[in-house]
Amino acid sequence: MEGLDVLGKCVVSQQISSDITIDPERSVPTVIQITENYVIVAMSRGGIFVFATNGTAKQILSSSEGAVWALATQEDMLVSAGTNNTIETWNLATALVLLFYAASF
Amino acid sequence: MLPWICSQHQQTLQGHTATVRALAILRNKNTIFSASRDTTIRVWNIAKGTCIDVIAAHTGTVRSLTLSKAEDLLVSGGDDGTASIWRIADNGLVRLHILNHCENGICHIALLEDGRAQVATAGFDGSLKIWDVEDG
């Protein structure tokens, strides 16, 4: 890539999962899907992590057991599939973004 | 204070008999294509939750799917080392071309639509090939 003068700037950097109860054993990312509103990461031990594009909002979608190998999106619609042979459809509605207060737990 | 995305699980589509490796959704959010180790591509109607077509697409795992921007073509690639270009019809898929990449299998495909349409196939042997969609 000689002649290129592009300096990539990292705008968000964080752990995908810090909750050890979700990933008791090593789980690696299998697919990343980026849309206008979301960054979605699927894992080899199941679990789909949905972030807002600024990295703050987060939800863990737990489908059935096994690795998630495929993701596809269309606006707020997410489709996931993997080693359990089934396809799951999800609605990632931004209208339903809630404010979660840690103090309430 | 953390904002949470509130997603809803909608439905589970069953039919594939092995791992599902790739997915594609049409813009109308009504049709899904899925590719599996069972060597088939399935076409699903989301509104009805039904499978409308099962295509014996490859002779090994179907590993990669990609849609054209106009949503008239679907390209599949698989462990049998071939890629297929499909025309998307109302009731399923019609095969237009088979591209023979290599014997080791295709791990990924991409559709290039800058100017004339081309398919890029990447093989497990480390090779990359680029094909014209028009004449396969």
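Here is a short walk through this predicted model, first chain A and then a stretch of chain B. Residues are numbered from 1 along each chain as its sequence is written, and chains are lettered from A and ligands numbered from 1 in the order in which they are written. Because the model is predicted, local features need pLDDT of at least 70 and side-chain atom pairs count only at pLDDT 80 or more, while totals for chains, interfaces and linings use all residues.

Chain A has zero helices and eight strands (DSSP runs numbered from the N terminus, H or I of at least four residues for helices, E of at least two for strands). Of its 105 residues, 30% are buried, that is, with 20 or more other C-beta atoms within 10 Å of their own, C-beta atoms being placed from the backbone.

Now look at the open, antiparallel sheet of four strands in chain A, ordered β1-β2-β3-β4; strands pair if DSSP finds at least two bridges between them. β1 (29–34) and β4 (58–61) of chain A sit at the edges with a single partner strand each, so one side of each has no neighbour in the sheet. For β1(A), five antiparallel bridges lead to β2 (residues 38–43) of chain A, and Q33(A) has I40(A) as its bridge partner there.

Over in chain B, β8 (residues 73–78) runs antiparallel to β9 (residues 82–89), with five bridges joining them; L74(B) is partnered with W86(B). The two strands form a hairpin with three residues in between, and G81(B) in the turn has a positive phi of about 85 degrees. Next, β9(B) pairs antiparallel with β10 (residues 92–100) of chain B over eight bridges, T82(B) bridging to N100(B). Here the hairpin connection takes two residues.

Conventions: Buried ≥ 20, exposed ≤ 12 C-beta atoms within 10 Å, placed from the backbone.
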